[in-house]
Amino acid sequence: MSLTDREIRNIAPTSKRQRYFDERGLYLEVAPSGGKWWRFKYRFAGKEKRLSLGVYPEVGLKEARLKCAEVRAILHEGIDPGEERKQQKATLGRPSKNDSFEVVAREWFAKFAPQWAEGHAETVISRLEKLVFPYIGKQAVDSVSAPDVLAVLRRMEVRGTIETARRVRGICSQVFRYAVATSRAERDPAADLIGALPPVKQKHHASITDPKGIGGLLRAIDAYTGSFVVKCALQLAPLTFVRPGELRRAEWSEFDLEAAEWRIPAEKMKMKAPHIVPLSRQAIAVMEQIRSLTGCDRYVFPSGRTIMRPMSENAVTAALRRMGFTKEEMTGHGFRSMASTLLNEQGYNRDWIERQLAHSERDGVRAAYNYAEYLPERRRMMQEWADFLDSLRNNGSR
């Protein structure tokens, strides 16, 4: 029978070491002194082996199971996880070389990141630093093999983040190609892994579209007791229904409150075309509130740690969870689905809605020039949408 968090907390030490088995080779070893260690029991080349997965409570049950799944994925590839760990430790102990994967990756990033949208650059370097460098960063770039990269990707796959794994493979491939172009590697081993990961199952962003449920959500946002910056972002999200990245990276220079407009530059938009968001009276009221706190800063919604960076990409989602909305009920992206569903149901012109959502156009040149299309109609629609949300907040109906 699998362990539970409650059982683990209540385990008392005895005069001898005890083992409490969970599942798939994972067990908790409890010493007479009271120390608790996670271990993984496995067989490789006919021999029984064990691997430490961390100390409880620093590593909880859920994380221990994820680590166990990562190790089992490595084992499935015919690699001894214990030997791989030894090699990693030996590699980390060597002095960094100019041709290490991390050095080449950072050089590649510094060269090309200035040409990217700010959000994309943040995502790329974050994925490298958190998901790749800890495992192959210190290896010489020309010594990294396809199995090495696959082991990195499998860690993401077993956590269910297959799309992230696919994107990380693409990032690594670009780094290797740069290494080839700068004569520090002979080939791109990540290219061998195309097709090695299962296809991503397309899923819709969870969203509340029932009018009664929307009213409850809006009231919960108004009653939110966490960060004031996050609360204002939550209040603005349904009134503008921009993408979460566009919201959190909003800058004061993009707003003209007198003209009631938010003009998002092309480099911040997914489709690389400028976008105009008409601001309702309710949206301007939110902006006036937050201006008293961040109006002298660059970002409308700065990070809680430094005003030099925008709010964390997880801030809105974390706030929704804190308010009791599960990932199956509502996401930061769900405000877009909410608006799209109800505006279409209410009979607004589909072209107005699609333009306001800044959805893609087949003709990129046309999209770049037509960002102001239907602007008078969209202004009216956005104000009526804000009034409709107010009626739902107040338990009314349109």
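Here are three short exercises, with worked solutions, on a predicted model.

**Exercise 1.** Work out which strands sit at the edges of the sheet with the order 1-2-3-4, and what packs across it.

*Solution.* Start with the layout: four strands make an open, antiparallel sheet in the order 1-2-3-4. Strand 1 (18–21) and strand 4 (47–56) are the edge strands, each pairing on one side only. Going from one strand to the next, the twist averages 30°. Now zoom in on strand 3 (residues 36–44), which pairs with strand 4 in the antiparallel sense over nine bridges. In that pairing, W38 stands opposite G54 in strand 4. Finally, helix 2 (residues 61–76) lies across strand 2 (26–30), strand 3 and strand 4, and runs at about 20° to strand 3.

**Exercise 2.** Explain why strand 5 and strand 7 each have one side without a neighbour in their sheet.

*Solution.* The order here is 5-6-7, in an open sheet with antiparallel pairing. Strand 5 (255–256) and strand 7 (275–278) are at the edges with a single partner strand each, so one side of each is left without a neighbour in the sheet. Strand 5 pairs with strand 6 (residues 261–264) over two bridges, and F255 stands opposite W262 in strand 6. Helix 16 (residues 375–393) packs on this sheet, touching strand 6 and strand 7, with its direction at about 40° to that of strand 7.

**Exercise 3.** Decide whether P199 is buried or exposed.

*Solution.* First place the residue: P199 is in the loop between helix 7 (162–181) and helix 8 (211–222). Its relative accessible area is 66%. The cut-off for exposed is over 50%, so P199 counts as exposed. As for its surroundings, P199 and E163 are 36 residues apart in sequence and 8.3 Å apart in space, C-alpha to C-alpha.

Key: Residues numbered from 1 in each chain as written. Predicted model: local features only at pLDDT ≥ 70, side-chain atom pairs only at ≥ 80, totals over all residues. Heavy atoms only, no water. Pairing = 2+ DSSP bridges. Contact = heavy atoms within 4.5 Å. Axes fitted to C-alpha atoms, helices over the stretch in contact; angles between N-to-C directions. Buried < 20%, exposed > 50% of the residue type's maximum accessible area, 1.4 Å probe, protein only.
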